[in-house]
Amino acid sequence: MWHLLRDWALMNHSIMAWLLGLGSLVLLAILIVHLLFALLLIVPTWRICARAGFSGALSLFHLVPVIGSFIVMAILAFSTWPAGEATPRGL
Amino acid sequence: MGFDVAALMGLLGIGGAFTLVAMILAAWMAWRIVEKAGLPGWAGLGAVLLTLTGVGTVVPLILLWVFAFMRWPRDAVAVARAAASGAASAAPMALTPPPAAPRGWRLAGGGVTLVIDGPLNTWLLTGAPAEKPGELSVPDPSVGRPHARLLVAGERLGLEDLGTPGGTFIDGARLLPEHGPRDISAAGVIRVGTVELTLSKARAAE
């Protein structure tokens with residue numbers, strides 16, 4: 001009886017460890033994909049922010065999941081561009 | 001309104017309703033952003049709405065890159081106007097029109113007072129001693145040689161950074177060479193390198 005209990009506990013432990021390892025791997029994969037996709041957005045947004053007269057570092061908001069892109073877009077859309085806008089501020 | 005939202009959420013599910021609201025918000029903001037760059041607003045709106053179609057997010061992503069690196073009409077207008085000013089200043093002196101009514105500007109700070117007045121339309125800010133007409137000297141090691149270009153267009157004054165390491169700032173905001181000439185008629189403080197210059201309109205007596 002004791003042997004059975006010990007085997008069951010050992011098996012349970014190895015399954016848990018396997019699941020934890022798999023979960024960590026999945027999380028890591030999600031993180032890498034998120035960073036890669038964020039990078040694809042950060043590079044052009046950095047340039048757009050700089051051309052608008054803001055700090056390019058604003059584009060790092062893309063690293064914030066879900067709402068990051070909306071924050072950057074809102075700043076660009078609803079504030080006055082320090083470097084001037086098409087009308088009527090451009091020289 | 002409450003009924004509408006409830007109906008919408010019932011129809012699409014909470015996730016779907018939030019996605020719809022996010023999409024409308026994004027489209028509205030994209031409209032405003034591209035308009036500020038001088039492009040038609042519908043181009044931005046269309047780019048966001050493309051995500052609803054079969055092309056998914058790839059095409060809007062490509063359009064974002066194109067938008068970031070293309071020439072914006074905002075800059076093209078500024079460059080064309082600067083070129084017009086430059087052409088006028090390059091004309092032979094004998095053909096230079098007589099100066100119009102006083103239209104001068106004054107930049108003061110860092111121990112220097114610079115007056116921008118006369119028939120020239122283009123002026124150069126430089127850290128070197130002024131040697132030619134149209135050169136304005138700001139003797140400071142942080143100021144490039146030349147550092148920035150000042151453009152006079154009627155009653156307005158423009159400033160263009162020439163890409164020096166010290167940098168040019170309009171009321172604290174960095175001006176980069178790719179921004180082209182910017183209208184500084186309403187600006188208060190211009191910084192070239194570490195020198196802060198207060199901009200004011202010169203009076204006729206000055």
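This report covers a helix contact between chains, the nonpolar cores and one leucine in a predicted model.

## Helix contact between chains A and B

Helix H1 of chain A spans residues 2-52, and helix H3 of chain B spans residues 58-69. Their axes come within 8 Å and cross at roughly 30°. Angles under 35 degrees count as roughly parallel, so H1(A) is roughly parallel to H3(B). The crossing is left-handed.

On the H1(A) side, the contact residues are Phe37(A), Leu40(A), Leu41(A), Val43(A), Pro44(A), Thr45(A), Arg47(A), Ile48(A) and Arg51(A). They meet Leu61(B), Leu64(B), Trp65(B), Phe67(B), Ala68(B) and Phe69(B) in H3(B). The residues of this contact divide into 12 nonpolar, 1 polar and 2 charged.

## Nonpolar cores

The largest nonpolar core has 25 residues. Ile116(B), Leu150(B) and Ile184(B) have the most contacts inside it. Several strands of chain B give two or more residues to this core, among them S1 (105-109), S2 (112-116), S5 (148-153) and S11 (195-201).

Leu150(B) touches Ile116(B) and Ile184(B). Its other contacts include Leu107(B), Trp123(B), Leu136(B) and Leu159(B), with residues up to four places away in sequence not counted.

A second, separate core has 17 residues. It includes Val72(A), Ala77(A) and Trp81(A), along with Ala37(B).

## Leu45(B)

Leu45(B) is found in helix H2 of chain B, residues 41-49. Its relative accessible area is 28%, so Leu45(B) is partly exposed.

Leu45(B) touches Ala27(B), Ala30(B) and Trp31(B), not counting residues up to four places away in sequence. Met23(B) lies 22 residues from Leu45(B) along the chain, and their C-alpha atoms are separated by 9.8 Å.

Notes. Residues numbered from 1 in each chain as written. Chains lettered and ligands numbered in written order. Predicted model: local features only at pLDDT ≥ 70, side-chain atom pairs only at ≥ 80, totals over all residues. Heavy atoms only, no water. Axes fitted to C-alpha atoms, helices over the stretch in contact; angles between N-to-C directions. Helix = DSSP H or I, 4+ residues; strand = E, 2+ residues; numbered from the N terminus. Parallel < 35°, antiparallel > 145°, perpendicular 65-115°, else oblique. Left-handed = near helix turned anticlockwise from the far one by under 90°. Contact = heavy atoms within 4.5 Å. Nonpolar A, V, L, I, M, F, W, Y, C, P; charged D, E, K, R; others polar. Core = buried A, V, L, I, M, F, W, Y, C linked by side-chain atoms within 4.5 Å. Buried < 20%, exposed > 50% of the residue type's maximum accessible area, 1.4 Å probe, protein only.
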